Amino acid sequence: MKNIVILISGRGSNMQALVQAAIPGAQVAAVISNRADAAGLAWAAAQGLATASLSHRDYPSREDYDAALMALIDTYAPDLVVLAGFMRILTPAFCRHYQGRLINIHPSLLPAFTGLDTHQRALEAGCRVAGCTVHFVTPELDCGPVIVQGAVPVLDHDTAATLAERVLAVEHQVLPQAVADFVSGSLSIRGNRVYRVENTVDATAQLII
Ligand code: GAR
């Protein structure tokens, strides 16, 4: 059984999708937030999951916070750490410590629109397609090897909010898929590319690839 630790900062809808996917061979060992009032923490606790919060405000530096966060995470002996709406930039030491077992979901089709306000920026850039990416985390922000992406059309009447809602529905599909692929041991990283041991993607009919 692989232990998964999920980090959140707020609503936690991606965490919920992951928990509800009940991936064979995986168990959610803990849900941890940097904000004690994160709505997702209450939901996780109500499911009987272990939860913890560690406020970044209690630490003098990013390095100190990340060291404490690593110590907390490691009490759950994680095989995989999932950033599911964890809204903090991580130190290189943190990224190195979990290299190859730390993944993030980001609301854009990377490498386009790293950082914040991704949907507004996609609209302003005139994109016809938007989406989300699950990737391995490296020290460079939103730049690690891509595991899976999901795409949606951008519609003429879209606002950042309507586009975010359409993308979020796809996030809830691709995150469990990426975790299931990791847990089954079917992912390997070579350079900046992720390969599947058995590539079952239907090249003719996929928007989630
Ligand atoms: C999601 O859209 C996720 O992709 C994004 O925050 C949202 C969290 O929603 N993550 C980032 O922007 C990370 N850079 P959720 O709390 O409902 O899962």
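**Briefing: ligand site, charge pairs and backbone**

An oxygen atom of the ligand is 2.7 Å from a polar backbone atom of Gly12. The model is predicted, with local features needing pLDDT of at least 70 and side-chain atom pairs pLDDT 80 or more, while totals for chains, interfaces and linings use all residues. Residues are numbered from 1 along each chain as its sequence is written, and side-chain values use heavy atoms, without hydrogens or water.

**Ligand site**

- Gly12 has company at the ligand. An oxygen atom of the ligand is 2.9 Å from an N or O atom in the side chain of Asn14.
- Glu171 also comes in with its side chain. One of its N or O atoms there is 2.7 Å from a ligand oxygen.
- Taken alone, the ligand exposes 450 Å². The protein buries 86% of that. These areas come from the Shrake-Rupley method with a 1.4 Å probe, and for residues only the protein chains shown count as cover.
- Three elements give two or more residues to the shell around the ligand: α1 (13–21), β5 (102–106) and α6. Helices (H or I, at least four residues) and strands (E, at least two) are DSSP runs numbered from the N terminus.
- The residues around the ligand (a heavy atom within 4 Å) include Arg11, Gly12, Ser13 and Asn14. Gly85, Met87, Ile105, His106 and Pro107 are also among them. So are Leu168 and Glu171.

**Salt bridges**

- Side chains of opposite charge can pair when their charged atoms come close.
- The count comes to 4 salt bridges, each a side-chain nitrogen of Lys or Arg within 4 Å of a carboxyl oxygen of Asp or Glu.
- Asp37 pairs with Arg35. Their closest N and O atoms are 3.4 Å apart. Asp37 is exposed at 57% relative accessible area, and Arg35 is partly exposed at 37%. Buried means under 20%, exposed over 50%, and partly exposed in between (1.4 Å probe, protein chains only).
- Asp156 pairs with Arg128, with the closest N and O atoms 3.6 Å apart. Asp156 lies in the loop between β7 (146–153) and α6 (160–183), and Arg128 in the loop between α5 (118–124) and β6 (129–136), so the pair ties together parts that are 28 residues apart in sequence. Both Asp156 and Arg128 are exposed.
- Arg166 pairs with Asp158. Here the closest N and O atoms are 2.8 Å apart. Arg166 is partly exposed, with a relative accessible area of 23%. Asp158 is buried, at 10%.

**Asn34 and its contacts**

- Asn34 is found in the loop between β2 and α2 (39–46). At 5% relative accessibility, Asn34 counts as buried.
- The side chain of Asn34 makes a polar contact of 2.8 Å with the side chain of Ser9. A second side-chain contact, of 3.2 Å, joins Asn34 and His56.
- A polar contact is a pair of N or O atoms within 3.5 Å; within protein, one must be able to donate a hydrogen and the other to accept it, and residues adjacent in sequence count only if both atoms are side-chain atoms.

**Unusual backbone spots**

- Most residues other than glycine have a negative phi, and most peptide bonds are trans.
- The peptide bond from Leu110 to Pro111 is cis. Its omega is near 10°. Pro111 is found in the loop between β5 and α5.
- Phe113 is placed in the loop between β5 and α5. Its phi is near 60°, a positive value in a residue other than glycine. Phe113 is buried, with a relative accessible area of 19%.
- Ala77 has a positive phi of about 45°, although it is not a glycine. Its place is the loop between α3 (62–74) and β4 (80–83). Ala77 is partly exposed, at 48% relative accessible area.

**Distances across the fold**

- Gln27 is in strand β2 (residues 26–33). Gln27 is partly exposed, with a relative accessible area of 39%.
- Gln27 and Pro111 are 84 residues apart in sequence. In space they are 31 Å apart, C-alpha to C-alpha.
- Thr133 is in strand β6. At 0% relative accessibility, Thr133 counts as buried.
- Thr133 and Ala151 are 18 residues apart in sequence. Their C-alpha atoms are 9.0 Å apart in space.
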